[in-house]
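The following report describes a two-chain model by way of its helices, sheets, domains and chain contact. Please keep the sequence and the structure in view while reading.

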Amino acid sequence: MGMTIAEKIIACAAGKTEVHAGDIETVTLDRLMSNDGTTHLTIDMFNNKIKHPRIADTSKLVWIVDHNIPADSPKTAASQKKMRDFAREHGITFYEGEGVCHQVMMENHVRPGELIFGADSHTCAYGALGAFGTGVGCTDYLYAMVTGTSWLLVPETIRFNLTGKLPEGVYARDLILTIIGKISANGANYRAMEFAGEGLHTLTMADRISICNLCVEAGAKTALMEVDDVAMEYLTAHGRTPKATFASDPDAVFAETYDIDLSTIRPIVAKPHFVDNVVPADECLGVKIDEAFLGSCNNGRIEDLRVGAAVIKGKKVAPKVRFLVVPASRSVYKQAMEEGLLDIFMESGAIVMNPNCSVCWGACQGVIGEGETLISTGTRNFKGRAGHKDSFVYLASAATVTASAVAGEIMTADKL
Amino acid sequence: MGRIFKFEKDVDTDQIIASQYLLFPTIEEMKSHTFESLDAEFAENVRPGDFVVADENFGCGSSREQAPSVLKALGVKAVIAKSFARIFYRNSINIGMPVIVSKELHDAVSAGDEMELDLENGTILAGGKTYSCTKLPQKMQDILDQGGLIASLNKED
């Protein structure tokens with residue numbers, strides 16, 4: 001019986017030749033990422049609750065301060081100090097101020113075929129490089145950190161066969177929002193979402209990360225893509241080699257299959273307060289905004305900044321609108337500087353911030369007040385996600401967000 | 001018997017405990033902010049032994065374990081929903097808080113009703129009617145029975 005990519009990666013991590021959806025397997029993790037959202041609690045449990053505190057393999061741990069960097073309060077500073085001191089004491093690979101955790105992981109660590117636990121729901125982004133990344137809480141993380149292992153229910157897979165090419169002015173964000181709208185916010189709960197087909201080869205790595213990253217918003221356990229030349233080129237350019245590259249067998253069993261022609265996708269907006277509350281962007285034109293955000297692990301890469309800069313070049317941010325531009329990592333920031341993109345944003349009146357999670361997680365910077373509206377390339381638009389509980393978040397592509405910053409209301413780039 | 005606090009579908013972890021409280025040093029310091037955006041009085045009103053009853057996809061969104069942890073710290077005995085988002089579900093078992101799937105209960109009860117949970121037999125008694133709950137996979141039941149994943153690890157060691 002054939003296997004899916006998810007089944008093959010779990011089989012490999014379980015030391016077996018074959019596993020199938022529904023099996024519960026004990027697996028050895030290849031990598032364990034944690035950020036400042038929960039690590040202080042992990043450390044407290046490590047120090048106070050574990051009978052024999054130990055780390056199975058320190059070299060597999062990557063800790064990243066990205067959610068609230070630089071610290072915004074004495075409480076945050078204390079939590080981050082705890083993380084910094086522990087990492088230093090135990091020799092754990094540690095990043096601070098280098099970028100959003102998933103971007104840092106993609107640039108520096110993720111390898112095809114790996115099984116990775118991340119104490120962050122958007123860990124499914126690693127599927128862009130053919131790795132099984134899944135989000136866990138700090139107790140799961142701690143267990144894996146101490147023992148090097150965990151247990152996993154092998155997920156069923158929903159397969160997306162991509163054909164065609166995205167039209168000019170339509171982006172990966174529009175595609176994944178369309179898919180989430182189609183299958184709903186729990187349409188992939190407990191399942192893997194796998195992307196393959198000719199259309200996949202037309203997508204850049206930035207597109208692929210954006211797609212896989214958002215799959216958790218459909219409830220997915222992980223997202224996976226076949227590793228092709230585009231992925232291998234990215235991997236090689238970043239000085240790494242695969243652990244293994246997998247594609248689903250022709251006789252693999254999928255729970256559902258969708259055929260998606262990329263050329264049919266149009267600009268999309270997710271309206272408050274659910275990611276699956278999607279409509280064609282045209283239906284939101286004219287909604288007044290107070291803030292626009294271009295950044296996050298979903299859309300803070302150099303490709304996104306280029307799109308935004310092309311839209312706003314020679315134009316100004318609308319009066320009374322704050323436009324936050326937040327590169328996803330230090331290397332993206334530097335490249336944007338070298339390409340002159342930051343100059344374009346600064347000239348337009350945008351506020352350019354250091355690489356971090358920013359307003360996407362609603363507690364670092366740029367939070368919005370009561371009754372305010374944000375249009376964002378962030379990951380979520382839940383009620384209160386970006387600040388006050390009575391505020392509104394719309395999600396859209398880098399192009400739509402930037403065009404809206406200029407117009408002061410929701411606007412697509414082609415109509416600006 | 002415990003009282004029912006009722007919630008609708010797609011309650012996300014930001015609404016259970018908002019981002020701005022996650023970096024507070026301890027769960028004890030966070031718990032008074034539980035469900036702040038949905039029910040500002042929840043943390044004051046809930047008493048140990050009470051229940052949260054919800055519609056589909058409870059706990060969707062982020063992997064923050066603080067979400068089930070603040071509910072447990074406030075004494076919530078169990079969450080019963082039509083379905084759960086997977087990370088919240090797994091986190092709850094890991095910290096030893098029962099999460100129970102019941103397709104019927106949510107639509108049959110009102111906020112403030114009383115209910116009783118019989119974990120061993122997998123049944124709920126509410127309004128004179130008995131509801132059966134979906135069984136956990138044995139692996140997860142074992143973790144829950146031992147009081148959570150850390151207790152289970154300490155037992156292995």
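What should the 12 residues of helix 6 of chain A span at 1.5 Å a residue, and how far apart are its end C-alpha atoms? The expected span is 16 Å and the end C-alpha atoms are 17 Å apart, which agrees; the expectation is 1.5 Å times one less than the number of residues, and helices (H or I, at least four residues) and strands (E, at least two) are DSSP runs numbered from the N terminus. The model is a predicted one, in which local features need pLDDT of at least 70 and side-chain atom pairs count only at pLDDT 80 or more, while totals for chains, interfaces and linings use all residues. Residues are numbered from 1 along each chain as its sequence is written, and chains are lettered from A and ligands numbered from 1 in the order in which they are written.

**Two enclosed helices of chain A**

Of the 12 residues of helix 6 of chain A, 9 are buried, so this helix is largely enclosed by the rest of the structure; a residue is buried if 20 or more other C-beta atoms, placed from the backbone, lie within 10 Å of its own, exposed if 12 or fewer do, and partly exposed in between. Among the buried residues of helix 6 of chain A are A:Arg173 and A:Asp174, together with A:Leu175, A:Ile176 and A:Leu177. Their cover includes strand 8 (157-163), helix 7, strand 12 (268-270), strand 13 (278-280), helix 9 and strand 18 (392-395) of chain A. Just after helix 6 of chain A, A:Ser184 takes a positive phi of about 80 degrees.

Helix 7 (residues 205-213) of chain A has 8 of its 9 residues buried, so it too is largely enclosed by the rest of the structure. Its buried residues include A:Asp207, A:Arg208 and A:Asn213, and what covers the buried residues of helix 7 of chain A includes helix 4 (101-108), helix 6 (172-183), strand 9 (192-196), strand 10 (222-225), helix 9 (296-299) and helix 10 (302-312) of chain A.

**Domains of chain A**

The domain assignment of chain A, whose bounds come from an automatic or database source, gives domain 1 (5-263) and domain 2 (269-415). Taken over C-alpha atoms, the centres of domain 1 and domain 2 of chain A are separated by 24 Å. Their contact takes 31 residues from domain 1 of chain A and 34 residues from domain 2 of chain A, where two residues are in contact if their C-beta atoms, placed from the backbone, lie within 7 Å. On the side of domain 1 of chain A that touches domain 2 of chain A, helix 4, helix 6 and helix 7 of chain A each supply at least two residues, and helix 6 of chain A gives the most, with 6 residues.

**The parallel sheet of chain A**

In chain A, 5 strands form an open sheet in the order 4-3-2-5-6 with parallel pairing, two strands being paired if DSSP finds at least two bridges between them. Strand 4 (93-96) and strand 6 (132-135) of chain A stand at the edges, each with a single partner strand, so one side of each is left without a neighbour in the sheet. The twist averages 20 degrees from one strand to the next, with axes fitted as lines to C-alpha atoms, for helices over the stretch in contact, and angles running from 0 to 180 degrees between N-to-C directions.

| Strand pair of chain A | Bridges between the strands |
|---|---|
| Strand 3 and strand 4 | 4 bridges |
| Strand 2 and strand 5 | 3 bridges |
| Strand 5 and strand 6 | 4 bridges |

Helix 5 (residues 138-147) of chain A packs on this sheet, touching strand 2 (31-35), strand 3 and strand 5 (115-118) of chain A, and its direction makes about 140 degrees with that of strand 2 of chain A. A:Trp63 stands opposite A:Phe94 in strand 4 of chain A. A:Phe117 faces A:Leu32 as its opposite number and also stands opposite A:Thr134 in strand 6 of chain A. In a regular strand the side chains alternate between the two faces of the sheet. In strand 5 of chain A, A:Leu115 and A:Phe117 point one way and A:Ile116 and A:Gly118 the other way, and all are buried.

**Chain B and its contact with chain A**

Chain B has an open sheet of 7 strands in the order 4-3-2-1-5-6-7, with mixed pairing. Its edge strands, strand 4 (99-101) and strand 7 (129-132) of chain B, each pair on one side only. Strand 1 (residues 2-7) and strand 5 (residues 114-118) of chain B pair in the antiparallel sense over 2 bridges, and B:Arg3 has B:Glu114 in strand 5 of chain B as its bridge partner.

Between the chains, 37 residues of chain B are in contact with 44 residues of chain A. Helix 5 of chain B gives the most to the side of chain B that touches chain A, with 5 residues.
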